[in-house]
Amino acid sequence: EEKLKTLNKIEGLDSLQWYRAPDGWQDPFVPMASGEYASWPLITDIFPWQHSGVQVKRTWPIGPTREVLEQRWEKLVSSSPKERALLFKESGDRKINKSYPAIFENKRLKPISQLNIEDQPEKYERYGYRSLIRTWIIADGRVISRPRVELWATQSDEQIYLTSHLTKPLGRGPALIASANVPDMDYFAVGGGKDIIPLWKDPHNRIANLTRGLIEKLSELYGVRVSPEDVFAYVYSVLAHPAYTEQFWEELRSPPPRVPLTKRLDLFQKAVKLGRRLLCFHTYGERFRDSCVLSGRASRVELPRVYPYPDSFSYERKTCRLRVGIGYLQGVRPEVWDYEVSGLYPLRKWLSYHKKNRRGRKSSLLDDIEPEEWTPELGLELTHLIWILENTIELNKQQDQLLKEILQGPLIKAEELPRPSGDERRPPSINRERRIL
């Protein structure tokens, strides 16, 4: 109705508000950013290397526990040749009769069809499945269609990945979500692309994914030494909250996001501290470990240590009680239940993924192998996610206020910073031994 009323008021083409279209042949056909926002550096010019996340193309190699994946693998390699093809779920780029390169070593792997019961996959690894949701994956070159070897080669105990929508408009919620684990292509939200930004370009944390000369420029400006982690934390503090997306909703129709870089040292340091704290929570306390303590208000009600794997869950807003099978948690705030990342609700998604006979796409009968029991480890993982969301909501309020202070002060323009070269935008080269050159 609003659109029809607007059309009826049009007196001519000159009465319409026009937006400038992009100039590049391959640019998205959306309005170009304008105003002061358009003068800020693009996040992709600060971190020049962006990569696509892992694309498995079959669901059974991803599971809620390592034990479940071990059972699925055993079922696969102990099956008959005819059944094995059905269980595997072949695709155009992965067949059971072909050999494929390993992810972690310089060798080709034995075809799935030739495996025996004693043969094991390359690795079982923790995996960034969806925003703030960790699962397990069979990290093996034979079962993952697009393994993104560069991401695994740069993985370390200090690596962190920023995820966003860098090639299409964002939805409601934060503009960034971090992961300590190698992320799925759809980690940020379904429909991902080349949306992963690693902090480091090597596993030894010596080569930062920052445009050459940026650290020196910022250190000169602030009069103190700036580290790659500082820049990473600053950007996360400023962009990883819903207020940023709301404030620049129209501008963000032209991706990727731009970063308001303050010229004030006090605000830069404040944002760095806040960003480190948020990154600590979003990586389950595995990065920037001294910046947070994983705790919160929600608590589990005492139950038997082990009980049947839940087949349902429900949430009661009035009592703030979350029921999971025969167990429940209390003190789960509605804001936690409703927290959104571009159409994905982390808590609801986690619960729907961790239940018996779950709905959604399944690629094989191997998907039907699920945990039989709800263990303390699963309960703790759920509690940690709720605590992370609790703390995120509180920190988002501080980020909102900080963003207002930053926008009121002097900002660094993109033209004042070095621009990345083509070489800096390329992924790191990997030698025959699967090491970064």
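**Entry 1: terms and the second largest pocket**

I take helices (H or I, at least four residues) and strands (E, at least two) to be DSSP runs, and I number them from the N terminus. I note at the outset that this is a predicted model.

I looked up the second largest pocket and recorded about 450 Å³ of space in it. I then asked which residues lie nearest its centre. They are Thr 59, Tyr 129, Arg 130, Lys 349 and Arg 361, out of 20 residues that line the pocket. Two elements, strand S2 (123–130) and helix H11 (346–353), give two or more residues to this lining. H11 gives the most, with three residues. Sorted by class, the lining holds ten charged, six nonpolar and four polar residues.

**Entry 2: helix H11**

Having met H11 at the pocket, I checked which of its residues are buried. I found Pro 346, Leu 347, Trp 350, Leu 351 and Tyr 353. Viewed down the axis of H11, these buried residues fall within an arc of 165°, so they line one face of the helix. I recalled the general rule that an α-helix has 3.6 residues a turn, so residues three or four places apart point the same way.

In the loop between H11 and strand S13 (373–374) I located Asn 357. Its phi is near 55°, a positive value in a residue that is not glycine. Is Asn 357 buried or exposed? Its relative accessibility is 56%, and exposed means over 50%, so Asn 357 counts as exposed.

**Entry 3: the largest nonpolar core**

I turned to the largest nonpolar core, which has 117 residues. Within this core, Phe 47, Val 231, Tyr 234, Leu 322 and Leu 347 have the most contacts. Helix H12 (residues 376–408) gives the most to the core, with twelve residues. As a general remark, in soluble globular proteins nonpolar side chains tend to be buried together.

I followed Leu 322 further, leaving aside its neighbours within four places in sequence. Its contacts include Tyr 315, Tyr 328, Trp 337 and Ile 386. Leu 347 and Leu 351 are also among the contacts of Leu 322, and both are buried residues of H11.

**Entry 4: helix H6**

I asked which residues of helix H6 (residues 214–222) are buried. They are Leu 214, Ile 215, Leu 218, Ser 219 and Tyr 222. Seen down the axis of H6, they fall within an arc of 130°, so they line one face of the helix. On the face turned away from this buried side I found the exposed residues Glu 216 and Glu 220.

What covers the buried residues of H6? I listed helix H2 (43–46), helix H7 (228–239), strand S7 (261–262), helix H9 (265–282) and strand S14 (411–412) among the covering elements. After H6 comes Gly 223, with a positive phi near 75°.

**Entry 5: unusual backbone values**

I kept in mind that most residues other than glycine have a negative phi, and that most peptide bonds are trans. I recorded a cis peptide bond between Pro 255 and Pro 256, with omega about 0°. Pro 256 is in the loop between helix H8 (242–247) and S7.

Phe 288 is not a glycine, yet I read a positive phi of about 45° for it. Phe 288 sits in the loop between H9 and strand S8 (299–300). Its relative accessible area is 11%, and the cut-off for buried is under 20%, so Phe 288 is buried.

**Entry 6: three single residues**

I looked up Ile 138 in strand S3 (residues 133–139). Ile 138 counts as buried, at 0% relative accessibility. With its neighbours within four places in sequence left aside, its contacts include Trp 60, Leu 69, Trp 73, Tyr 124 and Ile 144. From Ile 138 to Glu 122 I noted 16 residues in sequence and 7.7 Å in space, C-alpha to C-alpha.

Ser 91 is in the loop between helix H4 (81–88) and S2. Ser 91 is buried, with a relative accessible area of 12%. Apart from neighbours within four places in sequence, Ser 91 is in contact with Arg 58 and Ser 145. Its C-alpha atom and that of Ile 430 are separated by 26 Å, with the two positions 339 residues apart along the chain.

Gly 35 lies in the loop between helix H1 (2–9) and H2. At 59% relative accessibility, Gly 35 counts as exposed. Gly 35 and Glu 251 are 216 residues apart along the chain, and I noted 9.3 Å between their C-alpha atoms.

Terms used:
Residues are numbered from 1 along each chain as its sequence is written. This is a predicted model: local features need pLDDT of at least 70, side-chain atom pairs count only at pLDDT 80 or more; totals for chains, interfaces and linings use all residues. Side-chain values use heavy atoms; hydrogens and water are left out. On a 1 Å grid over the protein atoms alone, a cavity is a set of points where a 1.4 Å probe fits but cannot get out, and a pocket is an open set with protein on both sides within 12 Å along at least five of seven lines; lining residues have an atom within 4 Å of a point. Grid points are joined across faces, edges and corners, and a volume is the space filled by probe spheres set on the points. Ala, Val, Leu, Ile, Met, Phe, Trp, Tyr, Cys and Pro count as nonpolar, Asp, Glu, Lys and Arg as charged, and the others, Gly among them, as polar. A nonpolar core is a set of buried Ala, Val, Leu, Ile, Met, Phe, Trp, Tyr and Cys residues joined through side-chain atoms within 4.5 Å. Buried means under 20% relative accessible area, exposed over 50%, partly exposed in between (1.4 Å probe, protein chains only). Contact means heavy atoms within 4.5 Å. The arc is that of the directions from the helix axis to the C-beta atoms.
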